[in-house]
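The following exercises are to be worked through with the sequence and the 3D structure at hand, and each is followed by its solution.

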Protein chains: 2
Amino acid sequence: MIESREIRLKARPQGMPTDECFELATVGLPEISDGEVLVRNLWMSVDPYMRGRMDDVESYIQPFQIGEPLEGGAIGQVVASKNSELAVGDFVESMLGWREYFIANQGMIDGDPANPLDGLHKRDPSLLPLQSYLGIAGMPGMTAYSGLVLLAKARAGDTVFVSGAAGAVGSTVCQIAKIKGCTVVGSAGSEKKVKWLKDTAGVDAAFNYKKVSSVSDALSKVAPRGIDVYFENVGGEHLTAAIEHMNDYGRIALCGLIADYNEPSGTEEHGLFMQILAKQVRVQGFIVTSSYDQYPKFLNELAGWIREGKIKWEETVLEGIENAPAAFLGLFSGRNTGKMLVKLADPAV
Amino acid sequence: MIESREIRLKARPQGMPTDECFELATVGLPEISDGEVLVRNLWMSVDPYMRGRMDDVESYIQPFQIGEPLEGGAIGQVVASKNSELAVGDFVESMLGWREYFIANQGMIDGDPANPLDGLHKRDPSLLPLQSYLGIAGMPGMTAYSGLVLLAKARAGDTVFVSGAAGAVGSTVCQIAKIKGCTVVGSAGSEKKVKWLKDTAGVDAAFNYKKVSSVSDALSKVAPRGIDVYFENVGGEHLTAAIEHMNDYGRIALCGLIADYNEPSGTEEHGLFMQILAKQVRVQGFIVTSSYDQYPKFLNELAGWIREGKIKWEETVLEGIENAPAAFLGLFSGRNTGKMLVKLADPAV
């Protein structure tokens, strides 16, 4: 019998979590059976997204259950094995953190094929330090890469603003953006972090958001040509200020809204962005003139649809230039069905 | 001397525009000179976006000037010509609406190469009714196509929700979405419009937003499987409700926010979405697990960057499972630089 300590959810937080939300418990683990392994965790990860799992709310991952141990990324070592795939001494990454030991059977070792983070994954300590698989080479690093490179498609010459820039995700975003040839601006919450960003991460500018008059003013100074890509880890005032400073065709990778996580009755606005994040929605502002290179293609397709009787349209017509204001004002009271037009004259024959 | 009546901006509106914002004036046009044409407008367009040009605010197009005629799409006929490119009787589209006649010189005929809507464009009345170039075959139609097809990439099987569905843009969106094999749900502001949407445009469901308890309740009924694409013409309650009903990976084409155009002190939220629209910003919510098929590629790139010394990282480490809650809580007070980790044990050798 092995004794293993684990952290359980004792109570759901109201707003900011406190020590009272957690309890430390000890469980006894039995001998392993055929097909099972015993893993001793060496490192465990704590991540901001776990705050969401503490609420009893359906989201993109299941909520933690009261009285049960929490879950999260961990790196462990196999200390007993009756499974041919894993030998004693192997290092494995799992989502079974928040506990010192665990027993995994074949189903747990294989994991949920729909969830790439589930299951047990062998990790090689000679390639990278073991714990880096929980950080730069793990979920936070991959988060930085997917948001900045795969989604926002940061390009050389872009000005990239990163909030929470000294965190696990943000610090990786900053450095990948520099590698890609971007101008990088970061915000963080202490002078020490700002110094690290400038001296070690090599960003072009950084500011301590707790020491500036406003995030918007700080951005006016450090990003005078505006922002092309905003990598959002924070929310709140940062999001509002970044949108204000965005350039045309800017991209916002909505990764985290940590400032809003502990606000049970956040503003409606932040509720909307939280939903956009959690549902992985893409919101695209657009002005038609930017797509006019496709106008000939559209006209051609449209003519075909009209010939086939697939498109109908309505017009609401007022006559005479003197009625143009009334036609315009009617748009806001819904006077029109279909296109509102003013007829000024008949063509000459 | 030809007398031409025109509508000028008399005063900028505060909130909803009124008749007092406009004045009807008559000007005398001189004889045309070499290279010029005299055009008589037959049709002029009124569009919601013109409301933005009535404010003295820099946006994606210049504001109207007080005392000057307004501008907008128009179809006219050349009634006198000293220009070899345009003959008397030709039909032309221009942005010189809100007036009965205008004289165009070569520069005006050619237009601004950076603005595809500028200049004079010959239109053929045998292909489509002349006025349709201001509607279904013009800017509103192209707006529908670019938002739905080019940006939101609506696909067969998607549920598409269209607000302002009976308007010039919305009615085209609905029908193109049906052609693409989507399930289409529309909202409009009268029973007559709802009937037109169902009977003529052929949408799957439509509701009168003035007669439902809330837009969200109406969506629960008409889009029980959620929304994959939202084509936004309205803003306000519609946007909030649509976000609530969006499915994972949904796309929102932010085309218009007419409900907010006349709100001089709109909510901050709506101000943010207005900026996202006007700057053509893309906001992309994302969860890293959706990109894990790219993890091997990332690890490979990362290993290279680390070898080349281009990536550094920090760790903040607490020791012992009993300190895991403190590590987690420290994330929200910014205790960490780089990845926050808990070390549970040293590996066995």
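**Exercise 1.** Find the residue that stands opposite A253(A), and describe the strand pairing across the chains.

*Solution.* A253(A) stands opposite Q284(B), which lies in β13(B). The strands concerned are β12 (residues 246–254) of chain A and β13 (residues 282–285) of chain B, which run parallel and are joined by 4 bridges; pairing requires that DSSP finds at least two bridges between two strands. This is a predicted model, in which local features need pLDDT of at least 70, side-chain atom pairs count only at pLDDT 80 or more, and totals for chains, interfaces and linings use all residues. Residues are numbered from 1 along each chain as its sequence is written, and chains are lettered from A in the order in which they are written.

**Exercise 2.** Describe the contact between chain A and chain B from the side of chain B.

*Solution.* Taking residues as in contact if their C-beta atoms, placed from the backbone, lie within 7 Å, one finds 123 residues from chain B and 123 residues from chain A. On the side of chain B, helix α3 (residues 139–151) gives the most, with 10 residues. That side divides into 70 nonpolar, 33 polar and 20 charged residues.

**Exercise 3.** How do helix α6 (residues 215–222) and helix α7 (residues 237–245) of chain A pack?

*Solution.* Their axes are 9 Å apart, at an angle of about 40 degrees. α6(A) is therefore oblique to α7(A), a class left over once angles under 35 degrees (roughly parallel), over 145 (roughly antiparallel) and 65 to 115 (roughly perpendicular) are set aside. V215(A), S216(A) and L219(A) in α6(A) meet residues of α7(A) including E237(A) and H238(A).

Terms used:
Two residues are in contact if their C-beta atoms, placed from the backbone, lie within 7 Å. Helices (H or I, at least four residues) and strands (E, at least two) are DSSP runs, numbered from the N terminus. Ala, Val, Leu, Ile, Met, Phe, Trp, Tyr, Cys and Pro count as nonpolar, Asp, Glu, Lys and Arg as charged, and the others, Gly among them, as polar. Axes are lines fitted to C-alpha atoms, for helices over the stretch in contact, and angles run from 0 to 180 degrees between N-to-C directions.
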